[in-house]
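Trainee: Please pick a single helix and take me through it closely. I would like to know which way its residues face and what packs against them.

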Amino acid sequence: MTADWVIVTAPTDRGDAPSRVLTGAIRRLRDSRPEVEFRVAVLGGSETTITEALDDAAAAGAQSVLLVSGQTLGDAKQDSWIARIVGHWLRTRPAGASTPEVRVAPLLTEHDGFADLLEHAIEHGGKPARTTTAPIVSPAWEQVPAFTRHVLVCRGPRCSVEGARETAAALSRALDERGLDDDDVLTTVTGCLFPCALAPVVAVYPDGAWYRRVRPEQVDRLVDEHLIDGRPVPEWIARDLRAAGLAAAPSPE
Ligand code: FES
């Protein structure tokens with residue numbers, strides 16, 4: 001069976017963006033299969049998510065979509081997440097919406113050609129490792145930034161499905177609009193923070209305030225009241241670690 005959309009998946013785009021790394025391979029495939037639409041999508045991170053790529057395929061009227069893991073080595077946890085995400089996407093399609101059949105390709109390591117890839121690497125012989133590479137420490141990295149608050153925005157698989165990308169973008173825009181940068185509020189995109197059923201999850205430290213289901217339209221208020229005025233928004237908090245005595249109390253002025 002030939003799919004009319006192929007989505008090549010990667011765990012995350014932390015590090016090199018998979019869409020850039022796979023550019024050459026995707027271009028070659030587009031040349032040899034011009035009838036197929038190719039996309040790269042991540043399980044969690046800032047690039048197009050698997051859910052978004054599936055939405056695009058459905059909107060384009062695709063009849064069949066093949067998901068191919070771009071990872072060379074299998075990862076049972078990742079496979080399980082991809083299966084859940086696809087299942088969730090299929091379950092939550094609007095009634096009557098055009099929905100393609102979605103199939104999952106076997107791992108690349110299951111193909112006989114994988115041994116050829118290893119053989120190619122062995123024959124190449126590799127490049128000598130050097131001792132002249134950049135060091136793993138730098139004096140610049142000894143400074144702990146003096147930000148007031150640290151905001152953790154979960155971009156794990158579940159939060160990504162539930163719209164964390166839009167929440168993270170709204171937060172970044174709201175901070176920019178108010179002239180707040182990393183010296184004021186440090187925002188870090190993270191992997192799964194654990195309470196996935198509360199996705200998208202945002203945690204603010206040192207207050208120890210964990211917010212549940214943070215939608216983009218809530219972000220302005222969260223920034224103004226909590227990050228600027230220092231007043232957490234109680235009705236959106238899933239767990240307040242400071243109130244529970246599990247986070248440090250504020251220092252006396
Ligand atoms: S994916 Fe966000 S808490 Fe698990």
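**A close look at helix H4**

Mentor: On one side of H4, Ala76, Ser80, Ala83, Gly87 and Arg91 are exposed (12 or fewer other C-beta atoms within 10 Å of the residue's own, these atoms being placed from the backbone). The model is predicted: local features need pLDDT of at least 70, side-chain atom pairs count only at pLDDT 80 or more, and totals for chains, interfaces and linings use all residues. Residues are numbered from 1 along each chain as its sequence is written.

H4 covers residues 76-91, 16 residues in total; helices here are DSSP runs of H or I, at least four residues, and strands are runs of E, at least two, numbered from the N terminus. From first C-alpha to last, H4 reaches 22 Å, close to the 22 Å expected, where the expected span is 1.5 Å times one less than the number of residues.

The buried residues of H4 (20 or more such C-beta atoms within 10 Å) are Trp81, Ile82 and Ile85. Seen down the axis, they fall within an arc of 100°, so they line one face of the helix; the arc is that of the directions from the helix axis to the C-beta atoms. An α-helix has 3.6 residues a turn, so residues three or four places apart point the same way.

What covers these buried residues includes strands E1 (5-12), E2 (37-44), E3 (64-69) and E4 (101-104), along with helices H3 (50-59) and H6 (157-161). Contact here means C-beta atoms, placed from the backbone, within 7 Å.

Note on methods
Contact = placed C-beta atoms within 7 Å.
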